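Hello,

Please find the structure below. My notes on the cysteines, the internal cavities and one helix come after it.

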Amino acid sequence: MTEILDNFELLGDWDQRYQYLVEIGEHLAPMAAVDKTDANRVIECMSLVHTAVHPDSERSGHVTFSGDCDTAIIKGVVALLVGLFSHKTPAEIAALDVEGLFQELRLEEHLSPNRHVGVYAIVNKMKSQAQTGL
């Protein structure tokens with residue numbers, strides 16, 4: 001999480017942070033079509049968002065995530081969360097203070113209330129998926 005905060009700290013204003021999130025989303029690995037199911041959809045989002053969990057092939061007891069979204073800014077948030085949650089254990093994921101991270105990144109100040117609800121729905125979905133992903 002420190003690396004994420006350090007990267008955002010280097011960026012001055014919200015426009016630069018917004019552009020950085022969009023760029024992170026552009027580099028998100030494509031999500032397998034087989035994972036774009038209703039069970040992996042984040043229903044509470046205004047955008048079309050899917051996240052999927054898989055056992056980490058390199059580390060027993062750890063998981064990895066994939067995700068996709070049809071809007072640039074939220075796809076960036078999905079990419080940020082995929083990077084943050086992947087290669088961790090379900091317990092490590094549950095313990096992450098994502099709300100604190102978002103506050104430090106000042107995301108809530110710049111997202112509409114509906115998007116704010118959607119972003120936390122993505123976090124909750126991924127944390128839930130982590131608990132069942134092994």
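The notes below start with the conventions and then take the findings in turn.

This is a predicted model, in which local features need pLDDT of at least 70 and side-chain atom pairs count only at pLDDT 80 or more, while totals for chains, interfaces and linings use all residues. Residues are numbered from 1 along each chain as its sequence is written, and side-chain values use heavy atoms, with hydrogens and water left out.

Cysteines

A search of the whole structure gives 0 disulfides (a disulfide being a pair of cysteine sulfur atoms within 2.5 Å). Cys-45 is in no disulfide, and the nearest cysteine sulfur to it, that of Cys-69, is 6.9 Å away. That distance is too far for a bond. Cys-45 is buried at 9% relative accessibility, and Cys-69 is buried at 7% (buried means under 20% relative accessible area, with a 1.4 Å probe and protein chains only).

Cavities

The whole structure holds 2 cavities of 30 Å³ or more. A cavity here is a set of points, on a 1 Å grid over the protein atoms alone, where a 1.4 Å probe fits but cannot get out; lining residues have an atom within 4 Å of a point. Grid points are joined across faces, edges and corners, and a volume is the space filled by probe spheres set on the points.

The largest cavity encloses about 60 Å³. Its lining includes Cys-45, Met-46, Ser-47, Ile-74 and Asn-114. Helix H6 (residues 113–132) contributes the most to this lining, with 5 residues (helices are DSSP runs of H or I, at least four residues, numbered from the N terminus). By class, the lining has 5 nonpolar, 3 polar and 1 charged residues; Ala, Val, Leu, Ile, Met, Phe, Trp, Tyr, Cys and Pro count as nonpolar, Asp, Glu, Lys and Arg as charged, and the others, Gly among them, as polar.

The second largest cavity has a volume of about 30 Å³. Phe-102, Leu-107, Glu-108, Leu-111, His-116, Val-119 and Tyr-120 line it, and H6 again supplies the largest share, 3 residues. Val-119 also lines the largest cavity.

Helix H3

H3 (residues 72–85) has 14 residues and should span 20 Å at 1.5 Å a residue, which agrees with its end C-alpha atoms being 20 Å apart. The expected span is 1.5 Å times one less than the number of residues. Of the 14 residues in H3, 11 are buried, among them Ile-74, which also lines the largest cavity. Just after H3, His-87 takes a positive phi of about 70°.

Regards

Note on methods:
Buried means under 20% relative accessible area, exposed over 50%, partly exposed in between (1.4 Å probe, protein chains only). On a 1 Å grid over the protein atoms alone, a cavity is a set of points where a 1.4 Å probe fits but cannot get out, and a pocket is an open set with protein on both sides within 12 Å along at least five of seven lines; lining residues have an atom within 4 Å of a point. Helices (H or I, at least four residues) and strands (E, at least two) are DSSP runs, numbered from the N terminus.
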